[in-house]
Amino acid sequence: MKVSIMIALLVVGFQVAEAQNTFTLVSNEIGGQAEQAHFFQGFGCTGANESPQISWKNSPEGTQSYALTLYDKDAPTGSGWWHWQVINIPTSATEIPAKAGDVTQDLMPKGAVQIQTDYGTYGYGGPCPPEGDAPHQYVLTLYALDLASLELTKDTSSAIVGYMINSHVIEQASIVFYAKR
């Protein structure tokens with residue numbers, strides 16, 4: 001009995017140590033629910049449209065660049081809603097500061113390209129689910145890619161951006177949060 005308990009503790013300890021070395025995305029600002037500052041300004045929403053701070057660690061071997069997306073699969077469009085897509089984030093970056101989704105602020109790592117959102121604007125477009133809907137799930141994902149640059153422009157369609165990201169992903173890490181109004 002003592003031996004099996006000791007083995008179980010060793011296995012659990014190994015799993016915790018292993019998990020601590022995985023590709024991980026974290027935020028000092030995003031928790032389980034979107035804050036008002038992160039909500040979109042427009043489409044009936046009155047947020048500040050401020051993108052959250054994010055950081056990551058333990059990038060996989062072979063990473064040559066990163067891409068970032070924020071997606072609402074619950075949007076009543078039949079195909080979801082792209083709130084943020086950023087490509088060509090250099091490997092020298094380990095953080096994106098708060099408000100970097102505002103393209104006028106020049107806070108993104110050098111070389112990063114912010115793609116047009118489904119709002120028709122560039123950079124970050126915060127949550128704005130229809131009033132009265134059940135909470136929408138927002139998935140913020142950082143992708144480690146196997147090439148240094150996706151040869152796309154800020155006007156490339158979200159579908160093509162997604163296709164190219166998925167064609168070159170080594171690993172990905174996500175934060176899930178919810179919003180309703």
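This briefing walks through the disulfide and the salt bridges in the structure above. Keep in mind that you're looking at a predicted model. A search of the whole structure turns up 1 disulfide, and the salt bridge count comes to 3. Let's take them one by one.

**The disulfide**

- The two partners are Cys45 and Cys128, and their sulfur atoms sit 2.1 Å apart.
- This bond links distant parts of the chain: the two cysteines are 83 residues apart.
- To find Cys45, look in strand 3 (residues 45–46). For Cys128, go to the loop between strand 8 (113–114) and strand 9 (136–145).
- Which hand does the disulfide have? The torsion about the S-S bond of Cys45 and Cys128 is about 100 degrees, so it's right-handed.
- Are these cysteines buried or exposed? Cys45 is buried, and Cys128 is too.

**Salt bridge: Lys99 and Glu50**

- The side chains of Lys99 and Glu50 pair up at 4.0 Å, going from N to O.
- Lys99 belongs to the loop between strand 7 (95–96) and strand 8, while Glu50 belongs to the loop between strand 3 and strand 4 (54–57), so this salt bridge ties together parts that are 49 residues apart in sequence.
- Both ends are partly exposed: Lys99 has a relative accessible area of 42%, and Glu50 has one of 27%.

**Salt bridge: Glu131 and Arg181**

- Here the side chains of Glu131 and Arg181 meet, with an N to O distance of 3.9 Å.
- Why does this pair tie together separate parts of the chain? Glu131 lies in the loop between strand 8 and strand 9, and Arg181 in the segment after strand 10 (169–179), so the parts being joined are 50 residues apart in sequence.
- Glu131 is exposed, at 65% relative accessible area, whereas Arg181 counts as partly exposed at 32%.

**Salt bridge: Asp74 and Lys73**

- How far is it from N to O in the salt bridge between Asp74 and Lys73? The answer is 3.1 Å.
- Asp74 is partly exposed, with 29% relative accessible area.
- Lys73 is partly exposed as well, with 46%.

**Putting it together**

- The loop between strand 8 and strand 9 is worth a second look: Cys128 of the disulfide is found there, and so is Glu131 of a salt bridge.
- Strand 3 comes up twice too: Cys45 is in that strand, and Glu50 is in the loop between strand 3 and strand 4.

Notes:
Residues numbered from 1 in each chain as written. Predicted model: local features only at pLDDT ≥ 70, side-chain atom pairs only at ≥ 80, totals over all residues. Heavy atoms only, no water. Disulfide = S-S within 2.5 Å. Helix = DSSP H or I, 4+ residues; strand = E, 2+ residues; numbered from the N terminus. Buried < 20%, exposed > 50% of the residue type's maximum accessible area, 1.4 Å probe, protein only.
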